[in-house]
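Visitor: I am new to this structure and would like a close look at a single part of it. Please choose one element and follow it out to what surrounds it.

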Protein chains: 2
Amino acid sequence: MATQDMQSRDYAAALDQHDPLHHLRKDFCIPSRADLRATSLPDLESRDAASSDESVYLCGNSLGLQPRLTATRLQQYLTTWATQGVFGHFKPIDKSPLPIWLDVDSAASMSIAPIVGAHVSEVNIMETLTANLHLLMSAFYRPDINARHKIILEGKAFPSDHYAVESQILHHGLSPAESMITIDPPPGEATITTSYILSVIKTHASTTAVLLLPGIQFYTGQLLDIPTITAAAQEAGIFVIWDLAHAVGNVPLSLHDWNVDAAAWCSYKYLNAGPGAIGGMFVHERNSQISSTASASENIDGKHFVNRFSGWWGNDKSSRFAMENRFQPIPGAAGFQLSNPSVLDITSLNASLEVFEKAGGMAALRAKSLKITAYLESLLEASPHFEKVFQILTPKDPQQRGAQISVRLNDGLLDIVMKELEERGVVVDERRPDVIRVAPAPLYNSFVDVYEFMKAFSEALDAAQKAK
Amino acid sequence: MATQDMQSRDYAAALDQHDPLHHLRKDFCIPSRADLRATSLPDLESRDAASSDESVYLCGNSLGLQPRLTATRLQQYLTTWATQGVFGHFKPIDKSPLPIWLDVDSAASMSIAPIVGAHVSEVNIMETLTANLHLLMSAFYRPDINARHKIILEGKAFPSDHYAVESQILHHGLSPAESMITIDPPPGEATITTSYILSVIKTHASTTAVLLLPGIQFYTGQLLDIPTITAAAQEAGIFVIWDLAHAVGNVPLSLHDWNVDAAAWCSYKYLNAGPGAIGGMFVHERNSQISSTASASENIDGKHFVNRFSGWWGNDKSSRFAMENRFQPIPGAAGFQLSNPSVLDITSLNASLEVFEKAGGMAALRAKSLKITAYLESLLEASPHFEKVFQILTPKDPQQRGAQISVRLNDGLLDIVMKELEERGVVVDERRPDVIRVAPAPLYNSFVDVYEFMKAFSEALDAAQKAK
Ligand SMILES: Cc1ncc(COP(=O)(O)O)c(C=O)c1O
Ligand SMILES: Cc1ncc(COP(=O)(O)O)c(C=O)c1O
C-alpha cells in the first residue's frame, strides 16, 4: 500500500483484520463515549447495547481496562465466601475456576512468572509497589558509610521511588546528600543513554550498595537495557533492583536470565487488575537461598538466610499454622511474604492473567505491540505538525520502548489539546506541563483506535493552535 | 426465667426477639448447612430459597461473614471502572454511593475512626497487618544498644508479630536473644495479668524502646487493659504499639484518648472485609506532627518530621502529582501511606463499615456482645462436662474479653469434636492440639446460634467421650 493509504481508516481496519489478537478486544470493557460523558452510573445492561460507540482508550499505561472475566471471577469469589465462610481457605470446590484461598498466591505466582521471565519460586504477589521496594531495600540495602552506602537512581525517578530511597537512606542515619546519587539526562535531552548510566555506575562503583532503575521510564516511555545495566552494576558489586511498573505486561522480560537481583511492580497498568490492585515482587533465587551453615549473625535455628522483614505468610507452609514461633522462611520469593494476601485483589489479577494466557503470552503480545506502536509513530511522524507543534520524546528504536509514546507539545497547548481529545472520546494521559502519553495496549487496542486517536489529535492541535 | 428455661431454644429465641440488632443478621450471607456440605459452587439464586437451613457460624474471629451490601458495592465499583476507566480516579458520579477513587482512602478513614476511637487524621487504611507493624517499627523503633534497644512482646505472640519483631531486631544488627523480651503467662495459666505485664515493663524500663502487645490475645481471647498498660509503658519512655487484629470491630476502642502511640489491624475478622483484605494503621497525632523547625537530621525542605518509609501516597495531596520529588508528608497517619491503595479492597471494607454504621457503632454492638457472650458462657458453665471434659481459657470478667470464648478440651478430643460439630453445621475455629474458639459476632450471630452451638457441642462431647 502507498503511504497515502496508510493515512486511511480502511488501512487501519485492514491491519485489525490481520491482527491475530484482535479478537481479545471483546474480552474487555471498553468505555463508550456516552459512558465517558455520563455523570451517573449507567445500568450495565442497557449499556451493552450501545457498544458501537466505543471510546478510544489509549491509557493502559495509567489504568488498564477491565477484562470481562473479572466480574465473573469476582462473583465466584463472592459466592465462595458467602457459602463457605472460613472453609474457603482450604476446601476444594469442584469445577470452581478459583484456587482455594490458601493457594491463591501460588496460583498468581504461576501465572505471573512467565510474564516477567522468572521461575515460579522467584515471584510473589503481595502488598503494593512502593511497599515492595521498601521491603526489598530493607533486606538488601545494608549501607556502610565506610564502604558501600549509596543508592543510585534516576534524577527524574517516579516520586514514590525517590521518596522511598531517600527515606531508606535517612532510616540508616545517613544523608541523602551524600548517599543518594541521581542520574539525569544531559541538558536538553529527554532520555538517558546506557553508556551514561554505566559511567555513573563506574564513578560510584566502590561506594554504591544499590541501583534502583525503572524498566520503562514513566515519563518518556524509554525501555532501559536491563541486562546490560544489570551486568555492569553487578560487576561493580552493586545490588540491582528494577521498578517494573510500566514494563510488566508491556514488554517481555527475562528477569531470571538477565540475572536481575530483585524487582517490584504494580498490576493496575498493563496487567489490568484494577486501580491500586496488589503488587508483585521478584527475588532472584541466588538471593533467597537458605543454607544450613550456621552463622553468628542471622542465624535462626541453625538456618542462614538474608534477614528480611518477616511475617507468618513467608514461613514454610507446613509449619505456618503450628504457632511455634520459629521462623522457617519458604525458600524463594515467597519467603518475603508478610501477610495472608487479599483474595479479592488476587482474584481480580488472576482473571486478567487468564486473558494474558489466552493471548499466548508476552511474545505474542510484543509482536502486536511492535506493530501497533510503530503504526502510531508513523502516523505521528506523518503529521504536518510533527516537530513543529509537537515532538516525540520516546526513543525511535523499538528495542528501547514498549507500548507508550510520549509526545511533548509546544508551550501552552496541553489544556486545549486534552479538552479537544476528551470531547472526541479519546483518552490519553497527561503529564503537566506539556506531555501526553499515548499507549496502545496490545491486549485490547486496535489499529483503528490509533487511527482515531491521530485524527482527533490533529483536530485538537489545529484547535489549540487557533486558540493560541 | 428459671435456670432451666435458659437451657431451652425458646429462651434463646426470646432473647433474639428482644435484641435490637437482630435485624442486622439478614444483611449478611450466612452459609447454609447445605452450602457447607456442597462440593461445588451453588447457583446463588436457587440457594437463597433454602436459607432456613442456616449454619451456626461462630467463626468471625477468623473470617467474618460477607455483608449482602458487598456484592452491590463491588458491582458498582466494576461498573465505574468499566465505564469510566482512568476517570474513575477523579470524576464524581451522581448518586453513586462510592467515592471517587482518589478519596477512597479518606472515606475509609472516616468510617474506621469511630470504630477504633481515633481522629480521622490518625487512621489510615493500607497494606496488611504485618506490613503495617513493620512500617510502624521502621519509623518508631530506633534502637540504641547502649540505651533503649529492646522490644517487649508476648511469649505466645501471634507468629507474625514474633517474626516481625525478631526480624526488626536483626535488621538493626542486634540479637533477639538480647533485645527481644517476651512476656509469658505463669506456668499452668493461660492468661497474663496486667500487674505481671507492668512488672516486666518495670524490669526493662530503661532499655526498652517498643512494647508490642495484642489488644485481644488470639488464643485465649483475653482483652488486655490497653489504657493502663499504655500509660505505664509510656511513663517508662517506651513507644507502645497495639496489634488490634482481634479487637477491631469487636470491642470499643479509644486509641486517641488512651494515648496509644500506634496500632495496626486487619479487616477480615470482625470487620468482614473478606479474606486477606486491606489492613489499617493508627498513629497518634503526637507522633505524626510536622514542624518547620529545621533540624540537622531528618530535615527535608526545612520541615522536620519522624522519618518513615515514604511513598508518594503519603505526600501532600496538592503536590502529589507535581512530580517534584520533594517529600511533603500529609500530617497525620495518612503521611505514612506508600502506594495508591486497592480500590477493590477498600470498597469491600467500606461496604461492611456501612453496616457498622447502620448498627449504631461500637457501643450498640458491645451492648449486644456482652449479652450474647455471657449467654454463651452461662450455657458452657451449665454443661455437665464443664471443668471435667473442657475448661474455659478466656477471662470470666466481661471487661477482659470480647466476643470470643476459648475452650480447652481434654486431651485427644479435638478431632472428633470438630468433626461432630461440622456434621451438625456448626462452624468454630480450632487451635491444635486442644482448643476451640467460639465467637458470637454481634453483627450477625443470634442467641439461637449460641443455643444451637451448645446443643451440638454437648452431643459432640458425648460422641468424643464414647469414641475415646
Ligand atoms: C493477632 C494477629 N496478629 C497478626 C496476624 C497476621 O495477620 P496478617 O496475615 O494480616 O498480617 C493475625 C492473623 O490472624 C493475628 O490474629
Ligand atoms: C514507575 C512507577 N513507580 C512507582 C509507582 C508507585 O506505584 P504505587 O502507588 O503502586 O506504589 C508508580 C505509579 O504509577 C510508577 O509509575
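Guide: A residue is called buried when its relative accessible area is under 20%, exposed when it is over 50%, and partly exposed in between, with a 1.4 Å probe and protein chains only. This is a predicted model, in which local features need pLDDT of at least 70 and side-chain atom pairs count only at pLDDT 80 or more, while totals for chains, interfaces and linings use all residues. Residues are numbered from 1 along each chain as its sequence is written, chains are lettered from A and ligands numbered from 1 in the order in which they are written, and side-chain values use heavy atoms, leaving out hydrogens and water.

The part to follow is helix H6 of chain A, residues 104-116; helices (H or I, at least four residues) and strands (E, at least two) are DSSP runs numbered from the N terminus. The expected span of a helix is 1.5 Å times one less than its number of residues, so the 13 residues of H6(A) should span 18 Å, and its end C-alpha atoms, 18 Å apart, agree with that. H6(A) nevertheless bends by about 25 degrees at A:Met110, with the proline A:Pro114 following within four residues; the bend is the angle between axes fitted to the seven residues ending at a position and the seven starting there. Just after the helix, A:Gly117 has a positive phi of about 70 degrees.

Among the buried residues of H6(A) are A:Val104, A:Asp105, A:Ser109, A:Ile112 and A:Val116. What covers the buried residues includes strand E4 (123-125), strand E9 (262-265), helix H12 (343-359) and helix H13 (361-382) of chain A, where contact means heavy atoms within 4.5 Å.

Two of these covering strands lead to further details. In the loop between E4 and H7 of chain A lies A:Glu127, which has a positive phi of about 45 degrees although it is not a glycine; with a relative accessible area of 7%, A:Glu127 is buried. The loop between strand E8 (239-243) and E9 of chain A holds A:Asn259, another residue other than glycine with a positive phi, near 65 degrees, but A:Asn259 counts as partly exposed because its relative accessibility is 29%.

Helix H12 leads outward to the other chain. The contact between the chains takes 99 residues from chain A and 99 residues from chain B, and H12 is one of the elements of chain A that each supply at least two residues of the side touching chain B. The largest share of that side, 13 residues, comes from H5(A).
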